[in-house]
Amino acid sequence: MTITVIVCAYNEARHLPACLHSLLAQTRSPDEILVVNNASTDATGAVARAIPGVRVLDEPSKGLVIARESARRASRSDVLAYVDADCRAPITWLDQVEHRLQDLPDTVAVTGPYRFYDWDLAGRSLMRLYDWVVAPPTHVLVHHVMRAGAILYGGNFAVRAAALAQIGGFDRSIEFHGEDTNLGRRLTAVGGVAMCRDCWVWTSARRYIAMGKRKVFGLYVRNFWSEILRHRPADREHLDVRV
């Protein structure tokens, strides 16, 4: 099994080095680390190119889903593992991802939760409550009972390239909100999506800090159920915190 780890980055010069060095330190080394420099106006591309072992793909059309699809088309690995540029992966993260996919041959994607390195105790506690109490039964309901979709953490997931190709890749008509649920919903038609608590990564709470906990939680809940039930996101616009 070959694995490409993909980091889509727009104006992420500040966060990107920690992310890439965490990937280079994995106990199971990535077969490739691919950074998509997505129309950045800062030094993102130069920062990525300065780190040995990293391939950089310049995508001039701005958009997270556009960048993810460009990376899919540029990679030749069996598995594509996507992490956000503000994430930092524990050293066994890719080991856990690989073992899950090897142990579950009918599973087409693996996803894991976040832990926050820059959030207050209340925020971290709320998210752990979601990860342990809300997400698992919701995933069982929509994925295993309804067969209508899946919980998929958009900044931390790995998917078999063949399954992505089978569903036609990423839906580039989606701007931001709901793109992860859209992917989980369409992957459910071709195989299982596994939630794995051991596949967690560190990430930033900058969106919650910028917008407020209630507003962000509301956005995610609204767009999750809109994608599951109506097959389209509820919100078209989003606040870009990467500027």
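Colleague: Why is Ala109 called buried?

Modeller: In this predicted model, Ala109 has a relative accessible area of 0%. Buried means under 20%, so Ala109 counts as buried.

Colleague: Where does Ala109 lie, and which residues does Ala109 touch, not counting those up to four places away in sequence?

Modeller: Ala109 is part of strand E5, which covers residues 107-111. Not counting residues up to four places away in sequence, Ala109 touches Leu101, Ala158, Val159, Leu187, Gly192, Val193 and Ala194. Gly192, for one, is 83 residues from Ala109 in sequence, yet the two C-alpha atoms are 6.7 Å apart in space.

Colleague: What makes Ala39 partly exposed?

Modeller: Its relative accessible area is 24%. Buried requires a value under 20% and exposed a value over 50%; 24% meets neither condition, so Ala39 is partly exposed.

Colleague: Where is Ala39, and what is Ala39 in contact with, leaving aside neighbours within four places in sequence?

Modeller: Ala39 sits in the loop between strand E2 (32-38) and helix H2 (44-49). Leaving aside neighbours within four places in sequence, Ala39 is in contact with Tyr10, Glu59, Pro60 and Lys62. From C-alpha to C-alpha, Ala39 and Ser61 are 6.1 Å apart in space, with their positions 22 residues apart in sequence.

Colleague: Is Tyr117 buried, partly exposed or exposed, and how do you know?

Modeller: Tyr117 has 27% relative accessibility. That value is not under 20% and not over 50%, so Tyr117 counts as partly exposed. Tyr117 is found in the loop between strand E6 (114-116) and H5. With residues up to four places away in sequence not counted, Tyr117 touches His15, Asp86, Arg88, Trp202, Thr203 and Ser204. Tyr117 and Glu12 are 105 residues apart in sequence, and their C-alpha atoms are 17 Å apart.

Colleague: How do you know how many disulfides there are?

Modeller: A disulfide is a pair of cysteine sulfur atoms within 2.5 Å, and by this rule the count comes to zero. Cys19 is in no disulfide, as the nearest cysteine sulfur, in Cys87, is 6.5 Å away. Seen from Cys87, the closest cysteine sulfur is that of Cys19, and 6.5 Å is too far for a bond.

Colleague: Are Cys19 and Cys87 buried or exposed?

Modeller: Cys19 has 1% relative accessibility and Cys87 has 2%. The limit for buried is under 20%, so Cys19 counts as buried, and Cys87 counts as buried too.

Colleague: Why is helix H3 described as mostly covered?

Modeller: Helix H3 spans residues 64-74, and eight of its eleven residues are buried. The buried residues of H3 are Leu64, Val65, Ala67, Arg68, Glu69, Ser70, Ala71 and Arg72.

Colleague: What makes H7 roughly parallel to H9?

Modeller: Helix H7 (residues 179-188) packs with helix H9 (residues 213-230) at an angle of about 30°, and their axes are 9 Å apart. Angles under 35 degrees count as roughly parallel, which means that H7 is roughly parallel to H9. The crossing of H7 past H9 is right-handed. On the H7 side the contact is made by Thr181, Asn182 and Arg185, and on the H9 side by Phe224, Glu227 and Ile228. By class, that contact has two nonpolar, two polar and two charged residues.

Colleague: And why is H5 called roughly parallel to H9?

Modeller: The axes of helix H5 (residues 121-145) and H9 cross at roughly 10° and come within 13 Å. Set against the limit of under 35 degrees, this angle makes H5 roughly parallel to H9. H5 contributes Ala122, Gly123, Leu126, Met127, Thr138, Leu141 and Val142 to the contact, while H9 contributes Lys213, Phe217, Phe224 and Trp225. By class, the contact of H5 with H9 has eight nonpolar, two polar and one charged residues.

Colleague: What is the phi of Asn11, and is Asn11 buried or exposed?

Modeller: Phi of Asn11 is near 50°, which is positive, and Asn11 is not a glycine. Asn11 lies in the loop between strand E1 (3-9) and helix H1 (16-24). At 14% relative accessibility Asn11 is under the 20% limit, so Asn11 counts as buried.

Colleague: What makes His231 partly exposed?

Modeller: His231 has 48% relative accessibility. Exposed would need over 50% and buried under 20%, so His231 counts as partly exposed. His231 is placed in the segment after H9, and although not a glycine, His231 has a positive phi of about 60°.

Terms used:
Residues numbered from 1 in each chain as written. Predicted model: local features only at pLDDT ≥ 70, side-chain atom pairs only at ≥ 80, totals over all residues. Heavy atoms only, no water. Axes fitted to C-alpha atoms, helices over the stretch in contact; angles between N-to-C directions. Helix = DSSP H or I, 4+ residues; strand = E, 2+ residues; numbered from the N terminus. Parallel < 35°, antiparallel > 145°, perpendicular 65-115°, else oblique. Left-handed = near helix turned anticlockwise from the far one by under 90°. Contact = heavy atoms within 4.5 Å. Nonpolar A, V, L, I, M, F, W, Y, C, P; charged D, E, K, R; others polar. Buried < 20%, exposed > 50% of the residue type's maximum accessible area, 1.4 Å probe, protein only.
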